[in-house]
Amino acid sequence: MATPAAQAQDQSPLTSIVEDWIASPHGNRASESFIHWNADGAVPENCATCHSGPGLMDFLGADGSMAGKVDAPAPTGSPIDCVACHNKAASEIEQITFPSGEMVTETGSSAICMVCHQGRASADAVNAAVDGMDDDVINGDLGFINVHYSAAAATLFGGIVRGGYQYDGKVYAEKFAHVPDFNSCTTCHEPHTTKTVAIDQCTTCHEDIDTARAIRTTPGDFDGDGDASEGISAEIATLHDKLGDAITLYGSELAGQPIVYDSHAYPYFFNDTNADGTSNGDEAAFPNRYQSWTPRLLRAAYNYQFVSKDSGAYAHNPRYAMQILYDSLEDLAASTDGDMSGMNRP
């Protein structure tokens, strides 16, 4: 009979990989990402690519179907499993098409990640929705446009793919290029757990840090707090908070209806019925969704959500994240006399 020590020595690398995957977000069968459609009995075609292993296989054409679209609803209870990413079609991806319609050349291990982690909307969708409307006039035909979740690839490619809302006359950072050894999804994230690399792999270049969020590569103060030594993630966080405040101010003063954000409830922006600045349980419900949108407010709210839903924006493309936040603040300030003092656009 084998001893526990012998069993541990006999454990194959494949067993460790499977255990890592089971404990990861991609393998979490109880996640809302995979159980949301259980009551419906199937994952619809427009969601199946990223919310079902068989759906991703269908989109890739790895199941023998035409690549580039999902032909039928996918089964529920099917997370993104091994074969969904480890198949011939996935390994042969050469281009990724983003929601804006822009195509980028991408091969190697990052390509399959970018199929899903690109969001579902773009600046183009916002522009199409507000076309011909007055910036500060409420339009009942407008509704919040949601980029969706974890659009890391859209942040990474920045101005090239227009994942965030990009204002006319502004220049935006393009693909964020890191050092060669850490310039792909799978060199910064362990591919089976999805966890980020150990910080000691960063300290060769970024000395005197104890967390990736403390890294910064530029001396500028962008958020106006006077601290140019804090991690770039803190600069982004402060700009994001200031944009939230500016959206609140605009909702009350210009749209005439207080607005409140809730990161966990669709469609995220609601009427702040008691004007207390916080989302209460009764407020964060679809019937109470915010419906007093103006084009100016919608553009800013889209960018607020874009940054909110990419928790790694500070690593994926910090300049792009700060640029769209700054420009949103600047645009709102044009109508509300908001205070931009001390802030700088990267």
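Here is a quick tour of one pocket, three helix pairs and two unusual spots in the backbone. The model is a predicted one. A good place to start is helix α13, residues 295-308. It packs against α12 at an angle of about 150 degrees, against α15 at roughly 155 degrees, and against α9 at about 165 degrees.

**The second largest pocket**

- The second largest pocket has a volume of about 200 Å³.
- Of the 13 residues lining this pocket, Arg 213, Ile 236, Ala 237, Val 307 and Ser 311 are the closest to its centre.
- Three helices each give two or more residues to the lining: α12 (232-253), α13 (295-308) and α14 (313-316).
- Helix α12 provides the largest share, with five residues.
- Sorted by class, the lining has six nonpolar, five polar and two charged residues.

**α12 against α13**

- The axes of α12 and α13 lie 10 Å apart, and the two helices pack at about 150 degrees.
- Angles over 145 degrees count as roughly antiparallel, so that is the label for α12 and α13.
- As for handedness, α12 passes α13 in a left-handed crossing.
- On the α12 side, the contact is made by Ile 236, His 240, Leu 243, Gly 244, Ile 247 and Tyr 250.
- Facing them from α13 are Arg 296, Leu 297, Ala 300, Ala 301, Tyr 304, Val 307 and Ser 308.
- This contact counts nine nonpolar, three polar and one charged residues.
- Two names here may ring a bell: Ile 236 and Val 307 belong to the α12–α13 contact, and both are also listed among the residues closest to the centre of the pocket.

**α13 against α15**

- Helix α15 covers residues 318-336, and its axis and that of α13 come within 9 Å, crossing at roughly 155 degrees.
- That angle makes α13 and α15 roughly antiparallel to each other too.
- The crossing of α13 and α15 is left-handed.
- From α13, the residues in contact are Arg 296, Arg 299, Ala 300, Asn 303, Phe 306 and Val 307.
- From α15, they meet Tyr 320, Ala 321, Ile 324, Leu 325, Ser 328, Asp 331, Leu 332, Ala 334 and Ser 335.
- By class, the α13–α15 contact splits into nine nonpolar, three polar and three charged residues.
- Some of α13 does double duty: Arg 296, Ala 300 and Val 307 touch α12, and they touch α15 as well.

**α9 against α13**

- Helices α9 and α13 pack at about 165 degrees, with their axes 10 Å apart.
- Once again the pair is roughly antiparallel.
- The crossing of α9 and α13, though, is right-handed.
- Ala 123, Val 126 and Val 130 in α9 meet Pro 295, Leu 298, Arg 299 and Tyr 302 in α13.
- This contact has six nonpolar residues, no polar ones and one charged residue.
- Arg 299 is worth finding in the model, since this α13 residue meets α9 and also appears in the contact with α15.

**Two backbone spots to look up**

- Tyr 266 and Pro 267 are joined by a cis peptide bond, with omega about 0 degrees.
- You'll find Pro 267 in the loop between β3 (259-261) and β4 (269-271).
- His 148 isn't a glycine, yet it has a positive phi of about 90 degrees.
- To locate His 148, look in the loop between α9 (123-130) and α10 (152-157).

Terms used: Residues are numbered from 1 along each chain as its sequence is written. This is a predicted model: local features need pLDDT of at least 70, side-chain atom pairs count only at pLDDT 80 or more; totals for chains, interfaces and linings use all residues. Side-chain values use heavy atoms; hydrogens and water are left out. On a 1 Å grid over the protein atoms alone, a cavity is a set of points where a 1.4 Å probe fits but cannot get out, and a pocket is an open set with protein on both sides within 12 Å along at least five of seven lines; lining residues have an atom within 4 Å of a point. Grid points are joined across faces, edges and corners, and a volume is the space filled by probe spheres set on the points. Helices (H or I, at least four residues) and strands (E, at least two) are DSSP runs, numbered from the N terminus. Ala, Val, Leu, Ile, Met, Phe, Trp, Tyr, Cys and Pro count as nonpolar, Asp, Glu, Lys and Arg as charged, and the others, Gly among them, as polar. Axes are lines fitted to C-alpha atoms, for helices over the stretch in contact, and angles run from 0 to 180 degrees between N-to-C directions. Angles under 35 degrees count as roughly parallel, over 145 as roughly antiparallel, 65 to 115 as roughly perpendicular and the rest as oblique. A crossing is left-handed if the near helix is turned anticlockwise from the far one by less than a right angle, and right-handed if clockwise. Contact means heavy atoms within 4.5 Å.
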